[in-house]
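I've just been handed a protein I've never looked at before. Could you walk me through it, one question at a time?

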Amino acid sequence: MDIFLYISLALIIYVLVLILLKNLNFWKKKENKIYNNCCPCELQKPLERIRRKKLDYLINYTTFQLFDFKRYRCTECALECRRWDKPFRGKF
Ligand SMILES: [Zn+2]
């Protein structure tokens with residue numbers, strides 16, 4: 001098989017997987033009744049923004065900035081995670 005064809009096929013599949021993950025709301029901000037960005041843990045406490053690490057920038061670049069991940073930490077369980085939000089806030 002032609003190596004270039006193989007690479008472009010892999011790239012297409014990769015982009016399709018990214019789009020699929022976005023449609024599945026993978027790592028998207030989670031809301032509950034009280035907070036607009038809450039931790040996936042049982043307590044569902046709000047997440048606070050913390051500085052991005054090099055890995056976070058790397059992930060943003062390798063996902064073609066499709067998600068624009070930001071780094072958050074739970075105020076209760078100290079879990080750190082990456083979340084993305086819609087690029088615009090429609091009604092507000
Ligand atoms: Zn938590």
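Here are some questions and answers about this protein.

Me: What kind of model is this, and how are residues numbered?
Reply: Residues are counted from 1 along each chain, in the order its sequence is written. Local features need pLDDT of at least 70, side-chain atom pairs count only at pLDDT 80 or more, and totals for chains, interfaces and linings use all residues, since what you see is a predicted model.

Me: In what order do the helices and strands of the protein come from the N terminus on?
Reply: Helices (H or I, at least four residues) and strands (E, at least two) are DSSP runs, numbered from the N terminus. The protein has two helices and three strands. Read from the N terminus on, they go α-β-α-β-β.

Me: Is the protein compact or spread out for its 92 residues?
Reply: The globule rule is 2.2 Å times the number of residues to the power 0.38, and the radius of gyration is taken over C-alpha atoms. Along its principal axes, the C-alpha trace spans about 55 × 30 × 25 Å. The rule gives 12 Å for 92 residues while the radius of gyration is 16 Å, well over that, so compared with a compact globule the protein is more spread out.

Me: How many residues of α1 are buried?
Reply: A residue is buried if 20 or more other C-beta atoms lie within 10 Å of its own, exposed if 12 or fewer, and partly exposed in between, with C-beta atoms placed from the backbone. Across the protein, 7% of the 92 residues count as buried. Helix α1 covers residues 3-23. It lies largely in the open, because the number of its 21 residues that are buried is zero.

Me: Does Val-17 count as buried or exposed?
Reply: Val-17 is a residue of helix α1. It has 10 C-beta neighbours inside 10 Å, so Val-17 counts as exposed.

Me: Which strands are the edge strands of the sheet?
Reply: Two strands pair if DSSP finds at least two bridges between them. The open sheet has three strands in the order β1-β2-β3, with antiparallel pairing. Each edge strand pairs on one side only, and these are β1 (47-49) and β3 (80-83).

Me: Which residue is the bridge partner of Tyr-72 in β3?
Reply: Strand β2 takes in residues 70-74 and runs antiparallel to β3, with four bridges joining them. Across in β3, Tyr-72 has as its bridge partner Cys-81.

Methods. The expected span of a helix is 1.5 Å times one less than its number of residues.
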